[in-house]
Amino acid sequence: MFRAVIRAAAVAFGITAGAVSAETPFIVVQSTTSTQNSGLLEHILPWFEAESGIDVRVVAVGTGQAIRNAINGDGDVLLVHSKPAEEKFVADGWGVERKDLMYNDFVLVGPNSDPAGIRGGTDILAALTEIAEVEAPFVSRGDDSGTHKAEMGHWSDAGVDPTGASGTWYRETGSGMGATLSVASGMDAYTLTDRATWLSFGNRGNLEVLVEGDPRLFNQYGVILVNPEKHQHVREASGQRFIDWLTGPDGQEAIASFRLEGQQVFFPNAQ
């Protein structure tokens with residue numbers, strides 16, 4: 001925050017942005033939208049920035065886009081939530097090492113009228129099967145995000161291919177979680193969301209949590225340093241310092257202290 005004030009003052013006095021940034025080390029983090037939209041990063045980053053003097057600049061997009069951005073060299077650290085895709089990123093040489101960071105869970109939300117009759121369920125596959133059978137409106141992110149990847153995995157495990165119904169009862173927004181929740185609220189439709197974004201979402205309308213507690217809804221986050229051997233401009237030392245902080249005692253404590261509606265929504269589990 002203090003450095004942001006200095007940058008604003010510098011602009012006011014005609015000092016170039018380059019001159020200011022030259023004095024302020026920074027890293028670029030390609031991150032999933034849930035860590036940004038929930039307010040988690042706004043909560044924890046000032047702790048790291050005050051301790052390290054390193055400015056953290058966040059690009060918040062879906063996991064698939066964040067990975068593509070990192071592959072293109074548009075970032076120093078990757079913080080996303082699709083473990084198979086993260087492991088492939090490292091195996092293909094784009095990342096140095098993947099580390100578990102924290103977890104939360106997904107929930108299935110839908111209208112309080114609940115046309116599929118799934119309220120109170122704890123089986124995500126049974127719930128999706130019921131939704132498909134009655135062709136109740138369902139809104140998908142459809143954006144290759146971590147949430148979208150998880151959703152499609154659950155449809156596949158349920159033996160249902162909803163994409164054949166695209167444009168009818170199954171709608172794909174191609175947008176982030178907040179926008180997708182807004183569409184679902186406007187349509188009185190079901191959707192899958194991470195709990196943190198749901199708790200921070202204000203325009204719920206008739207939506208409520210209908211299915212939760214299935215172990216298959218577990219949502220693991222990982223953090224990876226972009227491989228400097230692939231992109232020489234990667235800020236290796238600063239990026240690794242951020243990862244070490246996140247996965248160390250101070251970062252894990254900061255993550256655990258974040259609350260929404262009085263609830264802890266991210267649970268640190270770095271090894």
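The largest cavity in this predicted model has a volume of about 40 Å³. The structure holds 1 cavity of 30 Å³ or more. A cavity here is a set of points, on a 1 Å grid over the protein atoms alone, where a 1.4 Å probe fits but cannot get out. Grid points are joined across faces, edges and corners, and a volume is the space filled by probe spheres set on the points. Rolling a probe the size of a water molecule over the atoms shows where empty space is left.

The lining of the largest cavity is formed by Val-96, Glu-97, Lys-99, Val-223, Leu-225, Gln-240 and Ile-243, where a lining residue has an atom within 4 Å of a point. Strand S4 (95–111), strand S9 and helix H11 (236–247) each supply at least two residues of this lining, and the largest share, 3 residues, comes from S4. Helices (H or I, at least four residues) and strands (E, at least two) are DSSP runs, numbered from the N terminus. By character, the lining residues divide into 4 nonpolar, 1 polar and 2 charged; Ala, Val, Leu, Ile, Met, Phe, Trp, Tyr, Cys and Pro count as nonpolar, Asp, Glu, Lys and Arg as charged, and the others, Gly among them, as polar.

Residues are numbered from 1 along each chain as its sequence is written. In this predicted model, local features need pLDDT of at least 70, side-chain atom pairs count only at pLDDT 80 or more, and totals for chains, interfaces and linings use all residues, while side-chain values use heavy atoms, with hydrogens and water left out.

From the cavity, strand S9 leads to its neighbours. S3 and S9 run antiparallel and are joined by 4 bridges; two strands pair if DSSP finds at least two bridges between them. Within this pairing, Leu-79 has Val-223 in S9 as its bridge partner, and Val-223 is also one of the residues that line the largest cavity. Strand S3 (residues 77–80) is covered on both faces, with Val-77 and Leu-79 buried on one side and Leu-78 and Val-80 buried on the other. Buried means under 20% relative accessible area, exposed over 50%, and partly exposed in between (1.4 Å probe, protein chains only). S3 is also joined by 3 bridges to strand S1 (residues 26–31), and these two run parallel. Here Val-29 has Val-77 in S3 as its bridge partner.

Strand S4 leads to another covered strand. S4 and S7 run antiparallel, with 4 bridges between them, and Leu-108 has Leu-192 in S7 as its bridge partner. In strand S7 (residues 191–194), Thr-191 and Thr-193 on one side and Leu-192 and Asp-194 on the other are all buried, and both faces are thus covered.

Aromatic rings form a further set of contacts. Rings of Phe, Tyr and Trp (its six-membered ring) pair if their centres lie within 6.5 Å; planes under 30 degrees apart count as stacked, over 60 as edge-to-face and the rest as tilted. By this rule the count comes to 11 aromatic pairs. In one of them, Tyr-221 and Phe-266 meet edge-to-face, 5.6 Å centre to centre, with 70° between the planes. Tyr-221 lies in strand S9 (residues 218–226) and Phe-266 in the loop between strand S11 (263–264) and strand S12 (267–268), so the pair ties together parts that are 45 residues apart in sequence. Tyr-221 is buried, at a relative accessible area of 0%, and Phe-266 is buried with a relative accessible area of 0%. Elsewhere, one aromatic cluster is formed by Phe-138, Trp-155, Trp-169 and Tyr-170.

Some rings also meet a charge, which sits over a ring if NZ of Lys or CZ of Arg is within 6 Å of the ring centre and within 35 degrees of the ring normal. The charged end of Arg-57 lies over the ring of Phe-26, 3.6 Å from its centre. Over the ring of Trp-198 sits the charged end of Arg-204, 4.5 Å from the ring centre.

Two loops remain to be considered. The loop between strand S5 (138–140) and helix H8 (146–157) contains Asp-144, which has a positive phi of about 65° although it is not a glycine. Asp-144 is partly exposed, with a relative accessible area of 28%. Arg-141 lies in the loop between S5 and H8 and counts as buried, at 3% relative accessibility. Glu-261, in the loop between strand S10 (259–260) and S11, has a positive phi near 50° and is likewise a residue other than glycine. Glu-261 is exposed, with a relative accessible area of 55%.

Terms used
1 Å grid on protein atoms, 1.4 Å probe; cavity = no way out; pocket = protein on both sides within 12 Å on 5 of 7 lines; lining within 4 Å.
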